[in-house]
Amino acid sequence: MKHSNKTFGVVLAIGMGVLSTGTLPANASAAVDGKIVFDKNCSVCHSIAPPPKSAPPILPISARYHQRFSSRAKGIKYMADFIKSPSKEKVLADQQAITRFGLMPPVPLNAEELNAVAAWVWDQNTGGNWGPGRGARQGNGYQR
């Protein structure tokens, strides 16, 4: 199998660009890892399981989304929208959680990161019974 010098030169230039910048070319897409996004941006306030930190834990949040949405795609879309722009009208938590923790601030993530972290949270559902008030009187609430 023969390759032309021109093809080899293009491949070499792309490879050197990746090596020198540490990134892929602009038209290449690398998947965003939702767990990494969570660890970097959300884990300061959210634990995965009770007891809570300063916000509701992820397992009850995931369960609440599974109760509300039968479609993974719809649940992820709604959650990503909430993370981007939280409002009392969009909250799926019970009122006790809002009173206890306050409304979460918007998280400045790009669309790929929002979808990745929302998908990761959705996938954490264990099917447990996470009714209102689990872990009550723990955590410090969101900073205001």
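Let me start with the aromatic rings: the count comes to 4 aromatic pairs. One of them is Tyr-65 with Phe-69, and this pair is stacked because the ring centres are 6.1 Å apart and the planes meet at 20°; planes under 30 degrees apart count as stacked. Please keep in mind that this is a predicted model.

Are Tyr-65 and Phe-69 buried or exposed? Both are buried. Ring pairs also bring in Tyr-78, so to speak as a third member: Tyr-65, Phe-69 and Tyr-78 are linked into a cluster. Tyr-78 has a charged partner as well. The charged end of Arg-68 sits over the ring of Tyr-78, at 5.7 Å from the ring centre.

Next, the core. The largest nonpolar core has 24 residues. Which of them touch the most other members? They are Phe-38, Tyr-65, Met-79, Ile-83, Leu-109, Val-117 and Trp-122. You will recognise Tyr-65 from the stacked pair. At least two residues of this core come from each of these helices: H2, which is 34–41, H3, which is 58–68, H4, which is 72–84, and H6, which is 111–122. Helix H6 gives the most, with 7 residues.

Trp-122 deserves a slide of its own. What is Trp-122 in contact with, once its neighbours within four places in sequence are left aside? The list is Ser-62, Tyr-65, His-66, Phe-69, Ser-71, Arg-72, Gly-75, Ile-76 and Met-79. Both residues of the stacked pair, Tyr-65 and Phe-69, are in that list.

Now the cysteines. How many disulfides does the structure hold? The number is 0. Take Cys-42: the closest cysteine sulfur is the one in Cys-45, and at 8.6 Å it is too far for a bond. A disulfide needs the two sulfur atoms within 2.5 Å. Seen from the other side, Cys-45 is in no disulfide either, and the nearest cysteine sulfur to it is that of Cys-42. As for exposure, Cys-42 has a relative accessible area of 12%, so Cys-42 is buried. Cys-45 counts as partly exposed because its relative accessibility is 23%. The cut-off for buried is under 20%.

The last item is a peptide bond. Which two residues does the cis peptide bond join? It joins Pro-50 and Pro-51, with omega at about 5°. Where is Pro-51 found? Pro-51 is in the loop between H2 and H3. Those two helices came up earlier, as each supplies at least two residues of the core.

That is all I have.

Notes:
Residues are numbered from 1 along each chain as its sequence is written. This is a predicted model: local features need pLDDT of at least 70, side-chain atom pairs count only at pLDDT 80 or more; totals for chains, interfaces and linings use all residues. Side-chain values use heavy atoms; hydrogens and water are left out. A nonpolar core is a set of buried Ala, Val, Leu, Ile, Met, Phe, Trp, Tyr and Cys residues joined through side-chain atoms within 4.5 Å. Buried means under 20% relative accessible area, exposed over 50%, partly exposed in between (1.4 Å probe, protein chains only). Helices (H or I, at least four residues) and strands (E, at least two) are DSSP runs, numbered from the N terminus. Contact means heavy atoms within 4.5 Å. Rings of Phe, Tyr and Trp (its six-membered ring) pair if their centres lie within 6.5 Å; planes under 30 degrees apart count as stacked, over 60 as edge-to-face and the rest as tilted. A charge sits over a ring if NZ of Lys or CZ of Arg is within 6 Å of the ring centre and within 35 degrees of the ring normal.
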